[in-house]
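The following exercises are to be worked with the sequence and the model open side by side. Each task is followed by a solution in steps.

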Amino acid sequence: MSKVEYCDFSAIAPADFLPLLNSDKNREHLIAHEKFDASKAAAWMANKLEMNGYTGCRIRAIYKNKTLAGWCGIQFDDGKYELAIVLDSGFWGLGRTVFNDMMRWARELNHDEIYIHFLHTRPEYQFLKKMAKTVYQTELMGSCFTTYQLAVPD
């Protein structure tokens, strides 16, 4: 079985992200936004590349079997570091692997705690609930999220 690979955004063409960013199935679980075209995807990627340069952040594209499966990152928002994982629906089974890799990144980047927000359309995740210091509802950009505050293990 091939492993998950992570790639810097600078190595990817914006058009490669369009199927992922515009997938109706994926968009059900993301904050509502207009569909992307090549220039909007390039601007989105530039924002992620800038965030990748911030201390404590790491943003990567996810590949499985040489196919772009999604993206993930440790991002800084509203004074907190958060995990973001967006996978194409055909790769949703990789979520736990990507999450575990990102928790290792959080440890490498010396984070004590990290947050993950799931839109209200997503189920509550028992494994996260067991790990979480707290689980609570958050409103972000007009949408309701379940937020998990996680300690980063040593």
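**Exercise 1. Determine whether Met 141 is buried or exposed, and describe its setting.**

Step 1. Met 141 has a relative accessible area of 71% and is therefore exposed; buried means under 20% relative accessible area, exposed over 50%, and partly exposed in between, with a 1.4 Å probe and protein chains only. The model is a predicted one, in which local features need pLDDT of at least 70 and side-chain atom pairs count only at pLDDT 80 or more, while totals for chains, interfaces and linings use all residues. Residues are numbered from 1 along each chain as its sequence is written, and side-chain values use heavy atoms, with hydrogens and water left out.

Step 2. Met 141 belongs to the loop between E6 and E7; helices (H or I, at least four residues) and strands (E, at least two) are DSSP runs, numbered from the N terminus.

Step 3. E6 and E7 form a hairpin with two residues between them, and Met 141 in this turn has a positive phi of about 50°.

Step 4. Strand E6 (residues 132–140) runs antiparallel to E7, with eight bridges joining them; two strands pair if DSSP finds at least two bridges between them. Within this pairing, Thr 138 stands opposite Phe 145 in E7.

**Exercise 2. Identify which loop holds Lys 66 and which holds Asp 78, and examine the backbone of each residue.**

Step 1. Lys 66 is in the loop between strand E2 (58–64) and E3, and Asp 78 is in the loop between E3 and E4.

Step 2. Lys 66 is exposed, its relative accessible area being 76%. Asp 78 also counts as exposed, at 69% relative accessibility.

Step 3. Most residues other than glycine have a negative phi. Lys 66, although not a glycine, has a positive phi of about 65°. For Asp 78, phi is near 55°, again a positive value in a residue other than glycine.

**Exercise 3. Check the length of helix H4 (residues 95–108) against expectation, and list its buried residues.**

Step 1. The expected span of a helix is 1.5 Å times one less than its number of residues. For the 14 residues of H4 the expected span is 20 Å, and the end C-alpha atoms are 20 Å apart, so the two agree.

Step 2. The buried residues of H4 are Gly 95, Val 98, Phe 99, Asp 101, Met 102, Met 103, Trp 105 and Ala 106.

Step 3. An α-helix has 3.6 residues a turn, so residues three or four places apart point the same way.

Step 4. After H4 comes Asn 110, with a positive phi near 65°.

**Exercise 4. State which residues touch the most other members of the largest nonpolar core, and which elements supply this core.**

Step 1. A nonpolar core is a set of buried Ala, Val, Leu, Ile, Met, Phe, Trp, Tyr and Cys residues joined through side-chain atoms within 4.5 Å. The largest has 23 residues, of which Leu 83, Ile 114 and Leu 150 touch the most other members.

Step 2. Two or more residues of this core come from each of strand E3 (67–77), strand E4 (80–87), H4, strand E5 (113–119) and strand E7 (143–151). H4 gives the most, with six residues.

Step 3. A second, separate core has 19 residues, including Leu 18, Met 45, Ala 61 and Trp 71.

Step 4. Beyond its neighbours within four places in sequence, Ile 114 is in contact (heavy atoms within 4.5 Å) with residues including Ile 74, Leu 83, Met 103, Ala 106 and Leu 150.

**Exercise 5. Explain why E5 is described as largely enclosed, and place this strand among its partners.**

Step 1. Five of the seven residues of E5 are buried, so the rest of the structure largely encloses this strand.

Step 2. E4 and E5 pair in the parallel sense over two bridges, and Leu 83 stands opposite Ile 116 in E5.

Step 3. The chain passes from E4 through H4 to E5 in a right-handed β-α-β crossover; right-handed here means that, with the strands pointing away from the viewer, the path from the first strand over the helix to the second runs clockwise.

Step 4. E5 and E7 run antiparallel and are joined by seven bridges, with Ile 114 opposite Leu 150 in E7.
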